[in-house]
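Work through the exercises below with the sequence and the 3D view open beside you. Each task is followed by a solution that proceeds step by step.

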Amino acid sequence: MPGPAERAAFLRGEIEHHNHAYYVLDAPTIPDAAYDALFRELQDIETRHPELCTADSPTTRVGGKPLPQFAQVAHAVPMLSLNNAFTEEDVVAFDRRCREAVGLNAGLTEGLNADQHEIDYAVEPKFDGLAISLRYEDGVFVQGATRGDGSTGEDVTQNLRTVRTIPLRLTGRPPALIEVRGEVLMFRQDFENLNARQRQAGEKEFVNPRNAAAGSLRQLDSRVTAARSLRFFAYGVADTTTVSLAPTFQGELMQLLADWGVPVANEREIVSGARGLLDYYRRLGEMRDRMPYDIDGVVYKVDSLAWQGKLGFVSRAPRFAIAHKFPAQEALTTVEAIEVQVGRTGALTPVARLAPVFVGGVTVTNATLHNEDEVRRKDVRVGDTVIVRRAGDVIPEVVAVVAERRPRRDLFSDDALQPPFALPTTCPVCGAVIEKPADEAIARCTGGLFCPAQRKQSLLHFASRRALDIEGLGDKLVEQLVDQDIVKTPADVFVLDAACLANLDRMAEKSATNLLAAIDKRRATTLARFIFALGIRNVGEATAKDLARQFGNLDTLMAADESRLQQVPDVGPVVAASIVRFFAEPHNVAVIAQLRAAGVHWPEGEPSAAVASPLSGKTFVLTGTLPTLTREAAKELIEERGGKVAGSVSKKTDFVVAGSEAGSKLDKARQLGVTILDETQFLELIRS
C-alpha cells in the first residue's frame with residue numbers, strides 16, 4: 001500500500017496526463033466523474049498533509065498549457081475554475097460558509113432575502129463547453145481567448161468571429177472596455193449532424209459535444225470552425241468595476257449582458273437559501289435531457305456583488321460560487337462479453353455485457369453497441385476498458401474505448417489479447433442464415449417466426465398496451481409459451497385454454513382464468529390497433545392510425561399497391577414497400593385469417609373522406625394532468641380529427657393543451673407565443 005507521498009505523486013501524474021488529453025489534445029480518455037474522483041482524492045491528501053503540496057500541483061491551477069500554434073494571451077484577471085458540490089450536504093455547507101463569511105450572525109442584512117433572512121443566489125446551468133473570454137473595446141469585439149492554464153490562454157479571435165451567437169458589436173451603451181466570460185458549446189443536434197458528416201467523409205468522430213466544440217474552436221483554419229455550428233453563452237465578466245451603470249447584483253449584471261446583445265441562459269434565476277438552491281437543482285435535473293445542449297450541473301453565485309468581493313477567492317476558485325454536479329452520465333467499466341440479440345423483425349444487435357457500474361442513477365450491466373458497423377468503428381473488444389453513457393431513460397451505450405488500457409498479449413507486444421468483433425453468419429438463436437442488404441446497416445435473421453427470438457418479440461408486441469393490450473401476457477409467460485411450443489403465431493393466443501396453461505410456472509387457476517378473460521376481451525379491438533399489432537416493419541402507431549383512417553377496412557388495405565399507399569400522409573416509398581411485402585407473404589395472410597376465425601374483429605367501413613376540421617394538419621403538444629381526460633384519450637380525439645400530437649414544443653406547434661403541474665413545455669410555449677388551451681377550451685375546439 002503506497003504512502004501519502006507516493007499516492008500524491010501518482011495522482012499528480014495521472015491528473016496532468018488527463019489534463020493534457022482533455023484541454024490540449026481535445027481527446028479525453030476518462031469521464032468527468034472519474035477525473036473528479038482523482039482530483040478530490042489529491043485535494044484530500046494535500047489537506048491532510050500540507051507538507052506534500054507542491055507549486056506545480058494540479059490543485060493550484062486550472063486546465064492545461066496553451067497550444068503552441070496559437071499566440072498566447074495573458075488574462076488580466078485569472079480565469080479560475082469552481083469548486084464542486086456533489087451532495088445536498090455540500091450545498092448546505094456552502095450556504096452556511098457564505099452566511100458566516102458575510103457576517104450574518106453580526107446582524108448584516110444587505111443582500112439577504114428580507115422575509116426569510118437568507119442569502120439570495122444567482123443560479124444558472126453549468127454548460128459542458130469550453131471556457132473563453134471576449135474583450136470588447138468601445139463595444140467592438142477585438143480579442144477572444146481560451147482559459148488555458150487560468151493565467152494564460154490561446155488567442156482564438158479569428159475562430160470566435162465565426163461563432164454567430166457572439167456579437168461582433170455590443171448594442172446599447174456598454175462600457176469603453178469590458179471582458180465577457182462564458183462558454184462555447186455545441187448543441188446536441190449540431191453534434192449529431194457533425195458526426196454524420198465525419199462518418200460520410202471517413203474521418204474520426206467526436207466522443208461528445210464538448211469534445212467537438214473544443215476541437216472546432218482550436219482549428220488553425222477558421223473556415224473549419226465556421227462550418228461547425230458553435231454557440232456561446234456568457235456567465236459573467238472579468239471585472240465588475242469596469243461595467244457601466246455599476247450593477248450591485250449578479251442578476252442585474254446578467255441582464256445588462258443580455259441588454260447588450262450577449263447570449264445568456266434563459267434558465268437563470270434568483271433563489272433564496274439552501275432550500276432554493278436544491279429546488280433549482282432538482283428542477284434543472286428534470287429538464288436536463290430535454291435541453292438542446294449538455295449541462296453537467298448547475299452553478300450557484302452569491303447575488304450581491306459586494307458580498308462576492310467580501311468572500312473573495314481561494315487559490316483556484318471563488319468562495320462566493322460553487323458548481324453542483326449532476327450524477328455522472330458517463331463512467332468507466334470493462335467489457336466482459338459481446339453477445340448478439342435478435343429482435344422482432346430479425347434485426348441483430350450486438351450487446352456489451354459489462355462489469356457492473358453505477359451511472360446515470362442506476363447500476364448498468366449491459367450496453368447497446370447498435371450494429372456491426374458501430375462495433376467496428378469504435379473497435380470494441382472483450383476485455384476493453386470503455387466509457388459508458390446513460391442519459392435519462394436512454395438505453396446505455398458504449399461511447400468509446402480507452403485504447404491505452406486494452407489488454408495486450410504480453411508486455412513486449414502491441415498485439416491485442418482479443419481479436420476484433422465479427423458478427424456470426426448464422427442466427428445465434430435458430431441457426432438461420434443472416435442477411436445484410438448492401439444499403440442497410442442492420443443485419444437480420446431470415447428465420448422469421450421459425451426463430452423463437454423473433455416469435456417471442458412478435459408476441460410481446462402483439463399483446464403490448466398500444467397494440468391489442470392483453471393484460472397478463474408478459475415476458476415470462478410468452479417465454480414459456482414459445483419454449484414449450486404452445487404458441488407459434490399470434491392467432492394461437494386466442495385458442496389457449498386452461499389445460500394449455502395448467503403446466504406453466506406461476507400459472508395458478510386464478511391467474512389462468514384472468515388471462516383467458518383478458519384475451520377474450522381483446523377479441524374486440526380497432527382496425528388501427530390491429531394493424532399496429534401485426535408488427536409490419538416501419539409501421540408505427542401513428543402510421544397504423546393513418547392507414548386505418550384512409551382505407552377504412554383491412555381487405556382494401558391488403559389489396560393496395562405502393563402507389564395507392566403513398567397517398568396516405570407520411571407514407572413514403574420505404575414504408576409502402578414494407579406494407580406490400582408483408583401482405584404478399586402467404587404466412588402473414590394465413591395468420592390474419594386465423595385471427596379472424598378466432599373471433600378477433602373491429603368496426604370496418606368505407607375509406608374516410610376528407611372532413612373539414614379546425615384540427616386538420618395542426619400540431620398539438622399535451623402537458624400536465626387534465627381534469628377528466630387521460631393523455632391517451634386526448635391524443636385520440638386529436639388524431640381522429642386529422643391533428644397530430646408531438647412530444648416537444650417548437651415554432652411549428654399550433655396548440656399546447658396544458659393541465660395541472662405542467663412543466664417546461666408550458667414555459668416554452670409561452671416564450672414562443674404558442675396558443676395554450678386548458679381542457680375546457682380544448683373540448684370546445686373539438687366540438688367546433
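**Exercise 1.** Determine in which sense strand 20 and strand 21 pair and how many bridges they share, and then place this pair in its sheet.

*Solution.* This is a predicted model, and in it strand 20 and strand 21 are joined by 3 bridges and run in the parallel sense. One place to begin is Thr619, which stands opposite Lys644 in strand 21. Widening the view, the pair belongs to an open sheet of 4 strands in the order 21-20-22-23, with parallel pairing. Strand 21 (644-646) and strand 23 (675-677) are the edge strands, each of which pairs on one side only. From one strand to the next, the twist averages 35°. At the other end of the order, strand 22 (residues 655-658) runs parallel to strand 23 and is joined to it by 3 bridges, and here the bridge partner of Phe655 is Thr675 in strand 23. Finally, helix 25 packs on this sheet, where it touches strand 20 (619-623), strand 22 and strand 23, and its direction makes about 100° with that of strand 23.

**Exercise 2.** Decide whether the residues of strand 20 are buried or exposed, and sort them by the way they point.

*Solution.* Begin with the count: 5 of the 5 residues of strand 20 are buried, and the strand is therefore mostly covered, buried meaning under 20% relative accessible area. Then sort the side chains, for Thr619, Val621 and Thr623 point one way from strand 20, whereas Phe620 and Leu622 point the other way, and all of them are buried.

**Exercise 3.** Describe how helix 23 and helix 25 pack, giving angle, distance, handedness and the residues that make the contact.

*Solution.* Two packed helices are described by the angle between their axes and the distance between the axes. The axes of helix 23 (residues 631-640) and helix 25 (residues 679-687) cross at roughly 30° and come within 11 Å. Because angles under 35 degrees count as roughly parallel, helix 23 is roughly parallel to helix 25. The crossing of these two helices is left-handed. Helix 23 contributes Ala634, Leu637 and Ile638 to the contact, and helix 25 contributes Phe682, Leu683 and Ile686. Sorted by class, the contact of helix 23 with helix 25 has 6 nonpolar residues, no polar ones and no charged ones.

**Exercise 4.** Carry out the analysis for helix 12 and helix 13, and find which classes of residue make their contact.

*Solution.* Helix 12 (residues 452-463) and helix 13 (residues 475-483) have their axes 10 Å apart and pack at an angle of about 135°. That angle makes helix 12 oblique to helix 13, and their crossing is right-handed. On the side of helix 12 the residues are Pro452, Arg455, Lys456, Leu459 and Leu460, which meet Asp475, Val478, Glu479, Val482 and Asp483 in helix 13. By class, the contact of helix 12 with helix 13 is made up of 5 nonpolar and 5 charged residues, with no polar ones.

**Exercise 5.** Reconstruct the sheet that contains strand 5, and name the helices that pack against its strands.

*Solution.* The order of the 4 strands in this open sheet is 6-5-8-9, and their pairing is antiparallel. Its edges are strand 6 (140-146) and strand 9 (230-237), each pairing on one side only. Neighbouring strands are turned by 35° against each other on average, direction ignored. Strand 5 (residues 130-137) runs antiparallel to strand 6, and 6 bridges join the two; within this pair, Ile132 stands opposite Thr146 in strand 6. Helix 6 (residues 209-217) packs on the sheet and touches strand 5, strand 8 (177-186) and strand 9, its direction making about 125° with that of strand 8. Helix 8 (residues 250-259) lies across strand 8 and strand 9, and runs at about 140° to strand 9.

**Exercise 6.** Locate Cys53 and characterise its surroundings.

*Solution.* Cys53 lies in the loop between helix 2 (32-48) and strand 1 (72-74). With a relative accessible area of 42%, Cys53 is partly exposed. Leaving aside residues up to four places away in sequence, Cys53 touches Arg12 and Glu46.

Conventions:
Residues numbered from 1 in each chain as written. Predicted model: local features only at pLDDT ≥ 70, side-chain atom pairs only at ≥ 80, totals over all residues. Heavy atoms only, no water. Pairing = 2+ DSSP bridges. Axes fitted to C-alpha atoms, helices over the stretch in contact; angles between N-to-C directions. Contact = heavy atoms within 4.5 Å. Parallel < 35°, antiparallel > 145°, perpendicular 65-115°, else oblique. Left-handed = near helix turned anticlockwise from the far one by under 90°. Nonpolar A, V, L, I, M, F, W, Y, C, P; charged D, E, K, R; others polar. Buried < 20%, exposed > 50% of the residue type's maximum accessible area, 1.4 Å probe, protein only.
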